[in-house]
Amino acid sequence: MDLFYRPTWVEISLDALRHNLQEFRGAMPQDCRLMASVKANAYGHGAVEVAREAERFGVDYLGVAFLDEALQLRKAGIRTPILVLGFVAPDALSVARDSDVTISLFRKDVIEAAAKLPLDETGKKLKAHIKIDTGMGRLGVLGKDAAIAFIEAALSVPQLMIEGMFTHFASADEADKTYTKLQVDRFREITDYMEKKGISIPIIHAANSAAGIDTPDWAGGMLRLGISMYGLYPSVEVNRQRIKLEPVMALKTEVVMVKNAPEGWGISYGTRYKAEEGERIGTLPIGYADGYSRMLTGKAHGLVRGVKTPIRGTICMDQCMISLDSVAAGAGDAPVETGEEVVLIGRQGDAVITAEEVADQLGTLNYEVTCMLANRVPRVYVKGGRIAAVRNPLA
């Protein structure tokens with residue numbers, strides 16, 4: 001087990017992760033497969049350990065953004081099928097095939113490159129899911145006629161195994177489903193044509209987390225579960241009563257120094273905050289290089305002994321300061337000392353600071369809050385009340 005010495009860490013509840021996976025498995029149509037998206041280091045939660053737990057749970061697929069992410073999982077011993085949701089370059093196709101990684105297919109030159117792959121004497125083919133752009137405007141073949149021609153071209157290449165076809169919804173997390181329904185209809189025009197022509201592709205899928213919550217019947221053959229796998233809702237507009245999620249991540253640190261600052265004493269760069277007389281200030285070993293953004297200056301709070309108290313002064317690269325006066329007042333005569341836990345995201349007693357709250361302070365999404373937490377912050381994985389693994393890239 002890797003060790004870490006700076007008392008700052010991200011705590012990952014594997015029990016909450018499993019709970020969220022089960023919530024969706026139980027809520028989706030019985031024949032709907034489940035993909036666990038572990039791209040972007042599992043949205044900041046740690047790709048390898050999250051993938052391992054998802055594999056133990058029995059997900060049907062893992063989703064990543066790039067081939068490099070897929071190869072990281074293969075090197076870690078992950079055997080579950082992996083779909084690269086983004087672009088895989090023509091010169092990397094043999095690597096994907098040999099590593100049993102499935103690519104997303106949406107460019108003609110990639111089909112042409114696949115057709116030039118040496119036919120493996122074992123019969124091993126490059127697996128692919130064709131991506132259709134029905135209104136996201138990002139990746140995918142655009143237009144019914146172009147999509148049909150592309151599908152037929154891909155199916156004619158013996159080096160390819162066309163295992164799936166999918167699209168991605170642009171606004172499934174909005175209460176108004178008009179545009180999502182338009183995308184569904186566009187996608188069905190293509191799938192209906194294929195059915196009439198007797199073209200069979202095993203896995204036809206469309207749904208992300210939001211669609212899995214609000215419109216599971218539009219998922220098709222597989223739900224691609226992203227942010228909600230980590231216990232966070234994609235927006236305030238989805239139906240939170242249908243799926244009950246448990247946050248997987250907490251961000252924790254400890255007080256490493258405490259001082260009583262004189263009145264008017266500057267706290268941190270620029271002295272944006274000046275202490276009140278005798279104000280008790282704690283220093284925390286976490287800063288913007290850890291993904292605890294400088295833009296949280298003057299807005300953020302931490303939980304100390306279950307009390308929500310403000311972060312004071314400008315957030316530094318590796319450190320920030322927190323006011324402890326309100327904590328001491330609420331905790332009797334015992335003042336906060338060094339070594340006490342501070343929760344910056346998560347629960348402490350009855351108090352909680354959510355990723356959504358931090359996202360609102362930053363003017364962004366909960367997705368970005370978890371993804372931005374730096375790799376140098378160790379991840380501690382907890383299961384059944386015990387530490388199951390610790391991953392520290394610096395060890």
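User: Happy to start with Lys 177: where does this residue lie?

Analyst: This is a predicted model, in which local features need pLDDT of at least 70, side-chain atom pairs count only at pLDDT 80 or more, and totals for chains, interfaces and linings use all residues. Residues are numbered from 1 along each chain as its sequence is written, and side-chain values use heavy atoms, with hydrogens and water left out. Helices (H or I, at least four residues) and strands (E, at least two) are DSSP runs numbered from the N terminus. With that in hand, Lys 177 is placed in the loop between strand E8 (160–166) and helix H8 (178–196).

User: Thanks! Is Lys 177 buried or exposed?

Analyst: Buried means under 20% relative accessible area, exposed over 50%, and partly exposed in between (1.4 Å probe, protein chains only). Lys 177 has 18% relative accessibility, so this residue counts as buried.

User: Which residue has its backbone oxygen 2.8 Å from a polar atom of the Lys 177 side chain?

Analyst: Beyond four places in sequence, Lys 177 touches Ala 172, Asp 214, Thr 215 and Trp 218, where contact means heavy atoms within 4.5 Å. The backbone oxygen lying 2.8 Å from a polar atom of the Lys 177 side chain is that of Glu 174.

User: Let's move to helix H3 (residues 47–57): why is it largely enclosed by the rest of the structure?

Analyst: The buried residues of H3 include Val 48, Glu 49, Glu 53 and Phe 57. H3 is largely enclosed because the buried residues number eight of the eleven.

User: Which element gives the most to the largest nonpolar core?

Analyst: A nonpolar core is a set of buried Ala, Val, Leu, Ile, Met, Phe, Trp, Tyr and Cys residues joined through side-chain atoms within 4.5 Å. Of the 115 residues in the largest one, those touching the most other members are Val 38, Leu 62, Leu 73, Leu 105 and Tyr 292. With six residues, the element giving the most to this core is H3.

User: Nice. How many aromatic pairs does a search of the whole structure find, and how are the planes of Phe 4 and Trp 9 arranged?

Analyst: Rings of Phe, Tyr and Trp (its six-membered ring) pair if their centres lie within 6.5 Å; planes under 30 degrees apart count as stacked, over 60 as edge-to-face and the rest as tilted. The search finds four pairs. Phe 4 and Trp 9 have ring centres 6.4 Å apart and planes at 35 degrees, so this pair is tilted.

User: Which residues do ring pairs link into a cluster?

Analyst: Here the ring pairs join three tyrosines into a cluster: Tyr 43, Tyr 230 and Tyr 367.

Technical notes: Polar contact = N/O pair within 3.5 Å; in protein donor to acceptor, adjacent residues only side chain to side chain.
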